[in-house]
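Got your viewer ready? Load the model, switch on the cartoon, and keep the selection box handy for the stops that follow.

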Amino acid sequence: MNATDLLANTLSPDANTRQDATQQLENASRENYPQYMLMLSAVLLDESNALHVRNAAGLALKNALTARESSRQSEYSQRWISLDLNTKNKIKQDALMTLASPNLKAGQFASQVVAAIAAVELPQDQWPELITILLGFVNNQPNTNLKIATLQTIGFICETIKPEILSLRANDILTAVIHGARKEEPSPDVQLAAIHSLFNSLEFVRDNFDRDGERNYIMQVVCEATQSGSVSVQVGAFECLVRIMSLYYDKMGFYMEQALFGLTVVGMNHADERVALQAVEFWSTVCEEEIELSLEAQEAIEFGEQPERDSRHFARIALPEIIPVLLRLLTKQEEDADEDEWNVSMAAGTCLSLLSGAVQDAIVPAVLPFIEANITNQDWHHREAAVMAFGSVLEGPDPSVLTPLAEQALPTLISMMTDANTHVKDTTAWTLGRICELLINVIKPDMQLHPLISALVNGLSDSPRIVTNCAWALMNLADQFSVYYEEDTEATQSGPLSPYYEGVVQALLRVTESASNESNYRTAAYEAMTSYLTHATPDAILVVQNTVVTILQRMEHLLGLHNQIVGVDDQNNWNELQSNICSVVICVVRKLGNGIQPLADRIMTLVLQLIQAAGKTSTVLEDAFLVVGALASALESAFAPYISAFLPFLYPALKAHEDTQLCTVAVGIIGDISRALGEQSAQYAHSFMTVLLENLQSEVLNRNVKITILSCFGDIALAIGPNFEPFLETTMSVLKQAGGLEVNPLDYDLVDYVAQLREGILEAYTGIVTGLKNTPKVEILLPYANAILELIFHSLSDEERSESVVKLSCGLIGDLADCFPSGQLKAALLQQWVANELRARTRMNSETKKTMRWAREMVKIATQ
């Protein structure tokens, strides 16, 4: 079979044909990579080949050069770099020539290939002439297709390559892109490609944005493009304005006054929804920036500092102009709109919520007349818009401003749960959920609670979207009432929801019997059930016990059906149900504590069957393991009989290095078992420590799992105390080595990782020291005390340290001092930095200060 036929077959509607062709291509790639790449580039270049075949060739070339996983990307990059120069040059030449194809689509395929090669070579200082070649194509060619494909290529390169790599050519690239984006450009397609390319290059032209003249010209070109005769160009220009506002908010004052206020309000009123969506998105972005600036300003005030950036309050200034437009757009709902389809009505609702957060109290008088005028309107579009507007402004303004309005609106909203229109009921259920979440004090147990719960429970029998929102509202009701009444001592035995527990949970159980999960309504019902069971007051414990029996019966029934599963959809549905059921079981186990003992045998039996049935389905395995962890914590030493049956399933999960989440959960289970059994876990310590130390050596295992492992050492050491001695030397060596990791302060990802790593090491040291404290073996810690203190010093020297690190560090200093009260560490503890760090600071919470005071007292005793 020749190359074109093979590539055509990769797009075949027949799955077997498609799979066979893909496999043959993969084999060709492995057996003779140079020949494979040359074959693909030749097919891409050949104008006589069908367009879909050239597309397949371009896609295969791109996929041979790019990968999502960093390890595979490194492999692909190295494989390309290792090719001989002639082969690489031929492939690059073919791709560049295809940019000029008379068929525009073929040029677009080639643009992705050129960008993929550039992403590998430019960071390696290879292909230095590429940008010059591309700029030549844009500036000097009458070929419109070549201009479009080249501009797209530049855009893709700017999107994928770090700005600093292209910084020396930023001016040239910007000049070429802006030239194509001008209103004088005769071809709308070239202008559109240039606008898209500008969008992708905005981040690396920061220096140009710092210069007034250049910034003015860029903004002029983009603003003029919003007035283009081409709707696509208008959309692209507004997309650029959204991105510019996100990146360069501080520099937008002049342009907002001169043009952007007017342009975006007109844009929101545009007849074409694509333009209106981007214009609304512009104001959503303004609000997001100003909410962030407000939070930064509050934080600065708390610390007695000046904020680094000031808000220009664009949203507050524009409020009178943009509110009427947003409220009008709210009424543009579509009767049969797909819930996943983004439209102007949804965008306006989101923007209104963000506006509420940005301008706070000022939003209320701006929207209230609209709500009052429309909430009983005969037209459902206006009724729904009024309810949406009310629900959208419940977060941002001061609760004292909103509370009387919500109290007044609540009876009306409850009655609207029987509205004839599904959209109105759906939005009403969502708004009631928002009130439950944000203004729980509005719901008076002796007045509105009964009609509210009745309305929401009745809504559980409605259409899927309404069920989802009713379940969410019921969940918020349970969560927020729990917080609101937690300090009410009279409510400890009973609560406002006590009379409703059985009815609500039974209604949720009926919903969760469904075989379908449209609009996620079954999952929402399970989540609501979990909240009710978690917050159950003592007088509702019988409901908790009966519910878990029902849920275990469901797990049993599902396990019996496992062999009858046919197809991916059935399997996904089964997995999802088992995960939901596990969540309920976990919450009941945590709620009942050792009161779960009578059901423990049954739970462990079912969970072990579930683990076997799940195979390698990691999400189900994770949930099953979390049930085991919760059970171990609840039963403590009474968990011992189950360990030998469980360990054969735990060890494979610990060795599943490619599955980060599963491996993390499995490591956590070791900590749960160790804490639960205490000294009894010593018999398992050797095998636990062996597998954990092996995992630290793995090159495949995600580095964040390794932090969890270090922390787990502390759990094991704390549980078995002096029995940890055989592992002490190796563990301390590993911890010291990990703690010595130095970091480039400009590598932000690594800076964050090292901060988390140090926290994990501090947790490990704390477990080890505390486990040996007040035992005859405490002296074995002495040789390691300086290394521990050195890590504490480095952790506390970090200006960005978290409060949890401060608390851990101070607690560990106190533990070390407490271990050696007779002066063995006197010299080390008398170092000036120790005294400095143990002084409380105003920014710390009471728990940290309490730890500091205790540590100071311990150090005082140990240094007398």
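Helices here are DSSP runs of H or I with at least four residues (strands are runs of E with at least two), numbered from the N terminus. Two notes before we go: residues are numbered from 1 along each chain as its sequence is written. The model is predicted, so to speak of local features pLDDT must be at least 70, side-chain atom pairs count only at pLDDT 80 or more, totals for chains, interfaces and linings use all residues, and side-chain values use heavy atoms, with hydrogens and water left out.

**Stop 1: the positive patch.** Select R853, which sits in helix 42. R853 is partly exposed at 47% relative accessible area; that class lies between buried (under 20%) and exposed (over 50%), with a 1.4 Å probe and protein chains only. Now add K807, K850 and R856: with R853 they gather in a surface patch of positive charge. Patch members have over 30% relative accessible area and no salt bridge, with like charges joined within 9 Å and nonpolar side chains (Val, Leu, Ile, Met, Phe, Trp, Tyr) within 5 Å. Helix 42 (residues 846–862) supplies the largest share of the patch, 3 residues.

**Stop 2: helix 33.** Select 660–677. How many of the 18 residues of helix 33 are buried? The count is 13, so the helix is largely enclosed by the rest of the structure. Its end C-alpha atoms are 26 Å apart, in agreement with the 26 Å that 18 residues should span at 1.5 Å a residue; the expected span is 1.5 Å times one less than the number of residues. Right after helix 33 comes G678, with a positive phi near 60°.

**Stop 3: salt bridges.** Side chains of opposite charge can pair when their charged atoms come close. A salt bridge here is a side-chain nitrogen of Lys or Arg within 4 Å of a carboxyl oxygen of Asp or Glu, and the count comes to 25.

Stay on helix 33 and pick R675: it bridges to D715, with the closest N and O atoms 3.1 Å apart. That pair links distant parts of the chain, as D715 is in helix 35 (residues 703–720), 40 residues away. R675 itself is partly exposed, at 46%.

Next, pick R602 and E556, whose closest N and O atoms are 3.1 Å apart in their salt bridge. R602 lies in helix 30 (residues 597–614) and E556 in helix 28 (residues 541–561), so the pair ties together parts 46 residues apart in sequence.

Finish with D250, E296 and R309, which a network of salt bridges links.

Conventions. Areas by Shrake-Rupley, 256 points an atom, 1.4 Å probe, with all protein chains shown as cover. Lys, Arg positive; Asp, Glu negative; His and termini not counted. Charge placed at Lys NZ, Arg CZ, Asp CG, Glu CD.
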